[in-house]
Structure formats: structure tokens, C-alpha cells
4 protein chains.
Amino acid sequence: MEIGFLGLGIMGKAMSVNLLKNGFKVTVWNRTLSKCNELVALGASVGETPAQVVKKCKITIAMLSDPAAALSVVFDKDGVLEQICGKCYIDMSTVDPETSCKISEAITSKGGHFLEAPVSGSKQPAETGQLVILAAGEKALYEEAIPAFNVLGKKSFFLGQVGNGAKMKLVVNMIMGSMMNAFSEGLVLADRSGLNPHDLLDVLDLGGIANPMFRGKGPAMLQDNYSPAFPLKHQQKDMRLALALGDENAVSMPVAAAANEAFKKARSMGLGDLDFSAVFETMKILKHSS
Amino acid sequence: MEIGFLGLGIMGKAMSVNLLKNGFKVTVWNRTLSKCNELVALGASVGETPAQVVKKCKITIAMLSDPAAALSVVFDKDGVLEQICGKCYIDMSTVDPETSCKISEAITSKGGHFLEAPVSGSKQPAETGQLVILAAGEKALYEEAIPAFNVLGKKSFFLGQVGNGAKMKLVVNMIMGSMMNAFSEGLVLADRSGLNPHDLLDVLDLGGIANPMFRGKGPAMLQDNYSPAFPLKHQQKDMRLALALGDENAVSMPVAAAANEAFKKARSMGLGDLDFSAVFETMKILKHSS
Amino acid sequence: MEIGFLGLGIMGKAMSVNLLKNGFKVTVWNRTLSKCNELVALGASVGETPAQVVKKCKITIAMLSDPAAALSVVFDKDGVLEQICGKCYIDMSTVDPETSCKISEAITSKGGHFLEAPVSGSKQPAETGQLVILAAGEKALYEEAIPAFNVLGKKSFFLGQVGNGAKMKLVVNMIMGSMMNAFSEGLVLADRSGLNPHDLLDVLDLGGIANPMFRGKGPAMLQDNYSPAFPLKHQQKDMRLALALGDENAVSMPVAAAANEAFKKARSMGLGDLDFSAVFETMKILKHSS
Amino acid sequence: MEIGFLGLGIMGKAMSVNLLKNGFKVTVWNRTLSKCNELVALGASVGETPAQVVKKCKITIAMLSDPAAALSVVFDKDGVLEQICGKCYIDMSTVDPETSCKISEAITSKGGHFLEAPVSGSKQPAETGQLVILAAGEKALYEEAIPAFNVLGKKSFFLGQVGNGAKMKLVVNMIMGSMMNAFSEGLVLADRSGLNPHDLLDVLDLGGIANPMFRGKGPAMLQDNYSPAFPLKHQQKDMRLALALGDENAVSMPVAAAANEAFKKARSMGLGDLDFSAVFETMKILKHSS
């Protein structure tokens, strides 16, 4: 199967390499075209515009950095829309439900087929084909894409109508944000009541709530190390969007709301660009800024 | 080494069997003495009273059902206190810090040595010697007990002064209670915003916050199955005690406080004897009782 | 001074009557023109369209039911915009900051002068000229309008740039919503701990936190009477908008967030169309809907 | 009627002066007896011990500084208990429900009659006879004391069994503490979103939630003036006790819980001895202590 691939950033490059290595023919495009060279060396073809890639391939996958870029490759001149009639487009970028729905409507109204498929997992799982794929949109396209998804990820889900992939990410990130607060509160409580927080990390890791996040971030947090894997301001934005989703559906979520306020407090302290585990800092002894 | 063992309930029986199987001489006592027979068949001796066991053994371990039982074997007639001078006593029951301190003071003031050592883990880890042991009190006694702890658990911690074992359990349970609320909110949000909550369970289990509790309890919760592994009223009591510990130390814990109020809401709905995952029920559509 | 008046609903009618009785010349318009008759009997002139009113009067006041109506009289055919060059427009409707800014920009870009001036107070204060006026926009217009504001209200404020009037209402309503929750929690706590909630009302009304809202709504709440003065769904929307304003400005507001979740719980119970004091119902004994 | 009066602090002195001025015969006692002189000049007799006062008077009122002092005058040598048989004792000090019940049991078991009657209001209402009296205990004694209560307060309540007076104060203070948080959040939100917080104070004072606390404390708060009328640590203690009362009765109070955590945050910042309005400080821009 010939597959188009738009966007060769850290994620997109790793994913298209995987496709090539697993026998797919791939035609790539990137805004800075020179980034395509490395893929060409592995056997890829190059398209000069998104429209050209879509014209050439039955299925085109996009992996772009943000909603603005995702909209741009579709709607701009020489963009996806111009050649989409009868073709398939899978957007694996992380975007909000509104952006995803806007792209979906444009593509389907032009006679194209659309799937949103944001992923869980970052650079390393992308390289090793261990992503988790949250697909939603046209079921037939999902099924057609399974061979590619099997190469890119360890597991893929079909979640129903467009928007559901984005919603699933919000729900997961909301739980993650509340857990990070619970964890931080526990670390502070341990410390101030005379326990060694490192002992707490060890005890947690041996019990029923042991999880990779506590294991991975705990030791760094105890050293005030918050180098950003997932920036706090993005985590807080996802909490806000998840709470907004709850608002639409009249779901009361007091724990998530309390966690969100703690992330806002962290933003007010200037911690928005650090890792979201920096919410831990809001719980330490504080004083007014002078 | 000869070890005394007081209390042959589910936990205590499994633990003393492990000691016997691993070459320790064990003298057992239980309030209902007939429960000792099975241990005798495996080579144990029997003491007729706690005092007799303590007199005979250098180290005596207790594993009792609750604070009242823990106090009773120490302070009652023919109790531990009567023969404790120069002997060692390790209370592995789950009790609050106050009870533990009361027992500690009585024993050390009579010339005995004391260690509190509550465990994390229930029946199965007790049988397989996979408990996690949270010891606190006399360091020398902890070190002397390590051979026994190595048989009973997969890992033991020495946490400092008496009370710290109980505190560590409170901190862990507080984090667990907040996580259960975050998880429940996520399940309800998924459901009401058109996602399949079973998909959420699968997605969670593939990511960075995957943990045994979500994996173990999630499917049952989606079937309204709350058979009590850890009763909600006890979880809420531990949240209250952890918040009280935070109050003493001026630690603000808004997420734990919000979770605690949800558990209280569950109690007001009559769910206190179900598993603590029944807090999920407070988040569903509710109406007034007539 | 000749004043135009657009919108003769409950509020607008009372306000234009006040202006007439206090010696202002008034030209009125209403979508259903027959509503103008009563004002004509008191001496008013009638304009056939918003544009006609604006053309005739130096200052035109609008008091419309919602943002959609506020936008319609400005932007529709024969609307305010068509004749606004060199004229003054004061919108006293309750609208969100975005709507207000949109109207402001359109009017000023056409050479008109704009003031937003939402009010605090409903029917009775409108009739007795006891409104509180929250004006923002062009300072010179505010000063020119003071004689009219003195007739319509007991107090007017100039709050700076357009949007600030709407923001001030959000802040006030957010405090009000949190207070209603605090009050409801107190009533339930009193009741369940063996006190008479009516005694609590009396004690509150004699102390430092006595206020008209507790005094006015408390007795009705104790009779499960929630006839809607301010519908709960609107209160919850204002809490949401106030929290969003806090989000923009990185202000952590955990009490308002907890109150908002209680209002959402009330919405999920089907109480959105009742008075916002119905949040009290969420705190009573609840059970699942069957 | 002859009335005994124990305790001539700020409150007690003002109250006994009021009784004297209104025709009651009063016998006073104070730990530092010289403080009685001023009362003697107004016509009072002096008792040398609490026991002597109780022996002489049918009804003795106590107004002491704290639970320790309240217990001391009753249980110490030459204390109230020694002469209480057949006599009446009204404790108007502010104490917790447990202290009140302890005093009540001792007095009634000796054949005395008991009423707890804590007051709402401080120095000025005490001087002007404008206190609010929250009585609980023996109904017949309450009725007998009404002439005295009419002199001391503007209103008295009979609230049922002993402990209810203290509980009513907790409920009122809980509502007050949540309101103070809501108010503080509003002031910060106003400030950071470009409004003048003084305007907010003025707008609030003209509307449905206007109350003496906002009016009295708002301007001082905006000047960072927190001279302690009611210390924050006491307010937080009352929040904690009110939440504990809710816990006993399975009442979920998420707004009070969030407010309590904010007060704890304030304590962690070293603000416990300032007025409880200093919780406002927790909401400003904060940074870590170095």
C-alpha cells in the first residue's frame, strides 16, 4: 500500500521510518523539504506539496505540531483539500475536538474520507512502534489503516465519531493531572510529618497504586527537577478542557476542579513552562513575592 | 531463632506458616486456642497466654484484627506486659499512631523492646511472603528481625520513631483515595460524553498511569460490583486521619479534601460498607430520597 | 435632553417611565411596537426602527433581554449602526464581555460613542430608580449620562474600558454563588447535627454576616421552595465564566471551583431551571435514580 | 434577683455593669480580686471564691476566657462544684461542646442546674447590651434567666440540649469562613482582571449580599491590614471542628473543605495570629521561601 506522510518532526520522522522499514511505500512531505532527504535515503518518495502527496496516495497520514499546522496543511493553497476527493486522510496530530471536527467537515464535504487518530506516547514509543492510537471517524477507513497502525503502535482503538479521539485524550490527561496532585500532596505530607519522601516512593512502588508516572517523576520532583516532558500550562489547559466537557454534560468533578485550581496557582507562580509535576512546588512553604 | 506469634487470623496464620516452613521455631497463641492445631501439625508449639509466649521467646510478633485486640493482648491479665522485661515485641497489626504509641510506651517503660510493623498487602501476599513491611521503633530490634521479615515480606522499611509506620499507611491510603476519585470522575466523564468507559480502561492500562488498582477494580465498578476489599468507611476514616495529620503540620491538601467530601457523600448515601470504589456511585445521576 | 430608549420589557418599561416622570423627553422603540402605547400616554414619542431613534436622539439607551437581542438591534437592517455616526449609545442589557466588545467596536468604528452599563437589581429597583449601574467605555459619555443615571439608579460606577461592567457582574455573581453554597452547607449541617435550621437563620441575621440574600431565600429554601428569581443554570454559567476569567489571569479560586461543581451536580439532577438556591438540594440525602 | 458573676475580663465587666445598671443585685468574683473594685463602686458585692458566690446567689453566670479557665472555676478547690447543689450555673464562655458537656455532667450530678450560653458579639455589643445569646441545657433555667438575658443581649435563643450552643457557633463560623474565602477570591479576581477592588467593595455593599463583614473588613484587607479581631488559627480550628461535626453526621461540605484548606495554607505561611481575613494573602502572587 502506498502511504502519504505529512510532517517529519520528531514524531513524524520516526513513524515514517517505521512504515518504510516494514515494507510500505511512503511519499513524504515536510514544510522544510530538506528534512525529507533522510527518508529518501531509506526509500521514500517526496511530494512537493500536501496536495501532490494526497493526489498520489490512497491514504495520507499527517503528524503535525499543533492545531495551527494541522489546519494549514489542509486549508492553505496547495493543501490537502485540493485533491482530497475520493482519497483518505488520517490526522494523527494532537488537536482539540473543534479543530478535528472542522477538518473532518471540510474533507468529507469535498468527497474525502477522514479519521482522527491522536496518539498516546512520545518519541521513544514512536521509534519502537509502541504508540497507542486513539482513532475516530470513518470506520471503514480505520479498518483499511490497521496494517499501518499495527506498525506504528502496539494498540489501536476505534472510538466512534470524530472528536472522540481528542476527548479520550482529555479524559486520560484529567485523571493524570488529579493523580499528580494527589501524589504531590502525599509527598509534602510525608515530608512535613517526619517521614522520608524517598521511603514513600519506594512503598508506593511496591503496592496497588504503583505506576510508571510516580516511578518516573517522583525522584526528579524530590530534587526540584521539572525539566518539561509535558509542560504544566498544557496540562492545565487539558484540565480546563476536560472540565468544560464535564460542564457541557453536567458532570460534577470536584477532585479534578481542585487539581485544576492547583495548576492555576502554579501558573500564577510562573511555573507554566516547567513539567506539570511542578505543581508540587505550590504545596511547599510559600511567601509573598516582594 | 524462636519466635512467638500472637493472633492466627487469615493474616497471622499465613505468616506463621511461612515462618515454620522457613525453619523458624514458632510458639503460637490465639484467643480461640483450637485455631492453633493446624500450626501444631506443622511443628509449632503453643502458649496458653500471651504472657507465656513472651516469656518463652526472645521475639514475639502480633498480628491482630484491630486496635482493641492489639491493646487487649498487651494490657489484659496474662498479657504481654507481664513478661516483657528484656524481651522483644513486634506489633504488625494495623492500628492508628496513638494506639501504637500507647503500646510502645507501656512496653519500653517495663524494660521491653518495641517495633511497630504494619504491612501493606492482604491474604495472598501474606501466604506467598510478599508483604511490604513498614517498621518503626527500636532500630536494633528491626535489624534482629530482618531474617523473619525476609520470610514474611518482599521488602521491609525502617521508618524511624514509633508512629511512622502508621503514618506511612495513612499517606499511601490518602493518595489511593484521591486516585480512586480521579478515576471515578474520569469514568463518568467518558460515559456521559459519549465514550465507552471500557475503552478508557484499556487506554489507561497502556499508558503512564497504568496501575493494579485501576486494572483490578475498573471492570467491577462498571458492573456496579463493589464487594468490599477495603470498606469505604475505613477509606474515609483514613482520609480524615491523613487530613488531620496535615492539619497538625499545616499542610494544605485541597485534592484530598475534595476526595474526602466525596467519600462522606457516599457514606450519607449508605455505601459505607461497600468497597471504597463505590464512591463512583456518588457521581452518577442522583435524585432525592423520598 | 432627548433620550432614545430601545426595549420595553419589564426592565426597560420601568426605566423609561422613570425618565419621563423626571422630565426627560423620551423616544421609545420596541420590537412589538404596541408595547409603546403605554409610554406614549405618559408623553413619549415613538421611533419606528432603532435607526430612526438613534437618528433623532443624541443619546440612545438599550435594555434588551439577552445577547442575541442586543446584537440584533445594532447589526440588523434598520439597526443602530446605520445612524450611529456622531451619536451616543448606552447598552444597559446584561451581556457577556465578548458581546459587549463586539458592539463597542462596531459603533466606535462608525464614529459613534459607546458605553456598556449593565445593572444590578431587577424589577422593583427598576421601578423605584434604585438600580446599581456598572458603566464602562467612553468616560465623556458616562459623564453626559449622569443625569439619566441619577434617575434610573441609586448609584452608578464608571469602571474603565468596555467589558469591565460585564466582568464586575461576573465577580459579584461568583461571590454570591459561593456564599449560597456555604449557606446551604450550613443549613444541612445544622439540621443533621440536631439544630433547628430556622434558629440558624435567626442567629445569622443578627450577626456580622447578615445579608439580604440569606434573609430572603433562607425561609423558602427550608420549605423546598425554589421559584426562580435567578435560575440555577444561569448562576452556574456565571460561575463558569468567572472561573474562565480567573483562568485567563492565572487566579486560583478553589472555593468558587468547589461551588461550581455543586451547581453542576444540581444541573445533573435536573434542577437547572429552579432558583440557584436549589443547590441546597444536592446536599440532602441522595440516592441513585432507578 | 441576686446574680453571681464570675470573670471580669473585657466581656464580663461590661456584662456585670449592665446587670447592675438595670437593677440586679450582683456578687462578683475575679481571679485577680482587685478587678472587682470598679464593680463595687457601682454597687456590687464581692465573693472571695467561686464557691462563695454560688452559695450566696441562686443564679451564677460565668464569662471566662477559655476552656481551661471555665473548667478551673468549676473543678478546682473552692470551685463552683462545692456549693452547686440546688443552685443554677450559666456558663457564657466560648468553649467547645466537649468542655461544655463535661461541666454540665459534673454540675447536674451534684444536684445543680446548668445552662451553656455562649454569645455572638464582642466588646461593644457587651457594653450596649446587644449580644446574641445561644443558650442550651435546662429549659426551666433558661426561662428563669430571661430577665438577665434581656439586659445582656438583644436576642436570646434556647437551642435544646447542652452542646447545641457550641455547635451553633461552629456552624455560623463555618459559613463565615467560607464567605471570607469567596470574598477574598473575588477581590483577587477583580484586581487581576483589571477592575478596581474598591469598586467591587462599593458594588457589593449596594446589593443582595451586602453584609457587615465585607463592609468592615474589605477596606482593611486592601491595605494589607489584618489586625486580629478573630485570629486565623481560631477560625481554622472552628472550620476543622465544623467539618468534624459534618463527618460524624455524614454531611459532605466541599466548599467548607476547600475554604479550610486555604486557611491551612495561610497557617503554613505563618499568618495564624493575624485576623482570619489574612487568608486573602494566600491568593496573591506567591513564591517559594528561600
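# Chains A, B and C: contacts and annotated parts

User: Starting inside one chain, which side chain meets A:D224 in a salt bridge?
Analyst: In this predicted model, the side chain of A:D224 meets that of A:K284 in a salt bridge, with 2.7 Å from N to O.

User: And where do those two residues sit in chain A?
Analyst: A:D224 lies in the loop between helix 10 (212-221) and helix 11 of chain A, and A:K284 lies in the loop between helix 12 and strand 10 (286-288), so the pair ties together parts that are 60 residues apart in sequence. As background, side chains of opposite charge can pair when their charged atoms come close.

User: How many salt bridges are there over all chains?
Analyst: The count over all chains comes to 52 salt bridges.

User: Switching to the interfaces, how many residues of chain B are in contact with chain A?
Analyst: There are 56 residues of chain B in contact with 56 residues of chain A, and the two chains bury about 4,700 Å² between them, with carbon and sulfur atoms giving 77% of that area.

User: What about polar links there, and how many salt bridges are counted between chain B and chain A?
Analyst: The count between chain B and chain A is 0 salt bridges, while 14 residue pairs are in polar contact across that interface, taking pairs in which both residues are at pLDDT 80 or more.

User: Which part of chain B gives the most to that side?
Analyst: Several elements of chain B each supply at least two residues of the side that touches chain A, including strand 8 (131-137), strand 9 (153-158) and helix 9 (197-205). Helix 8 of chain B gives the most, with 19 residues. By residue class, the side of chain B that touches chain A divides into 37 nonpolar, 12 polar and 7 charged residues.

User: What rotation superposes chain B on chain A?
Analyst: A rotation of 180 degrees, with 0.0 Å of shift along its axis, superposes chain B on chain A at an RMSD of 0.1 Å, and that is the relation of a two-fold axis. The interface residues of chain B are also interface residues in chain A, at 100%, so the copies meet through the same surface.

User: OK, now chain C. How many residues of chain A are in contact with it?
Analyst: Here 18 residues of chain A are in contact with 18 residues of chain C, and the area buried between these two chains is about 1,300 Å², of which carbon and sulfur atoms give 49%. On the side of chain A, the residues that lose the most area to chain C are A:D247, A:E261 and A:K264, which together make up 43% of what that side buries.

User: How many salt bridges does the rule find across that one?
Analyst: Across the interface of chain A and chain C the rule finds 4 salt bridges. A salt bridge joins the side chains of A:R267 and C:D247, at 3.0 Å from N to O. There are also 12 residue pairs in polar contact across this interface, with both residues at pLDDT 80 or more.

User: Which helices of chain A supply that side?
Analyst: Helix 11 (232-248) and helix 12 (254-268) of chain A each supply at least two residues of the side that touches chain C, and helix 12 gives the largest share, 8 residues. The residues of this side divide into 6 nonpolar, 5 polar and 7 charged.

User: What turn lays chain A on chain C, and which residue of chain A comes closest to the axis?
Analyst: A turn of 180 degrees with a shift of 0.0 Å along the axis lays chain A on chain C, with an RMSD of 0.1 Å. Of the residues of chain A, A:A257 comes closest to the rotation axis, at 3.0 Å for its C-alpha atom. The same surface serves both copies, since 100% of the contact residues of chain A recur in chain C.

User: Last topic, annotations: which residue does UniProt list for "active site"?
Analyst: UniProt lists A:K169 as "active site", in an unreviewed entry. In the model, A:K169 is found in helix 8 (residues 164-192) of chain A. Leaving aside neighbours within four places in sequence, A:K169 is in contact with A:T94, A:P118, A:V119 and A:L134.

User: And which residues does UniProt give for the domains?
Analyst: The unreviewed UniProt entry places "domain: 6-phosphogluconate dehydrogenase NADP-binding" at residues 2-160 of chain A, a span that is 42% helix and 25% strand. UniProt also lists "domain: 3-hydroxyisobutyrate dehydrogenase-like NAD-binding" (unreviewed entry) at residues 163-281 of chain A; that span is 67% helix and 0% strand, and its end C-alpha atoms lie 34 Å apart.

Methods: Residues are numbered from 1 along each chain as its sequence is written. Chains are lettered from A and ligands numbered from 1 in the order in which they are written. This is a predicted model: local features need pLDDT of at least 70, side-chain atom pairs count only at pLDDT 80 or more; totals for chains, interfaces and linings use all residues. Side-chain values use heavy atoms; hydrogens and water are left out. Contact means heavy atoms within 4.5 Å. Buried area is the accessible area (1.4 Å probe) that two parts lose on being put together, summed over both. A polar contact is a pair of N or O atoms within 3.5 Å; within protein, one must be able to donate a hydrogen and the other to accept it, and residues adjacent in sequence count only if both atoms are side-chain atoms. Helices (H or I, at least four residues) and strands (E, at least two) are DSSP runs, numbered from the N terminus. Ala, Val, Leu, Ile, Met, Phe, Trp, Tyr, Cys and Pro count as nonpolar, Asp, Glu, Lys and Arg as charged, and the others, Gly among them, as polar. Copies are superposed by least squares on the C-alpha atoms of residues with pLDDT of at least 70 in both. UniProt positions are given in the numbering used here, feature names are shortened, and annotations may be inferred rather than shown by experiment.
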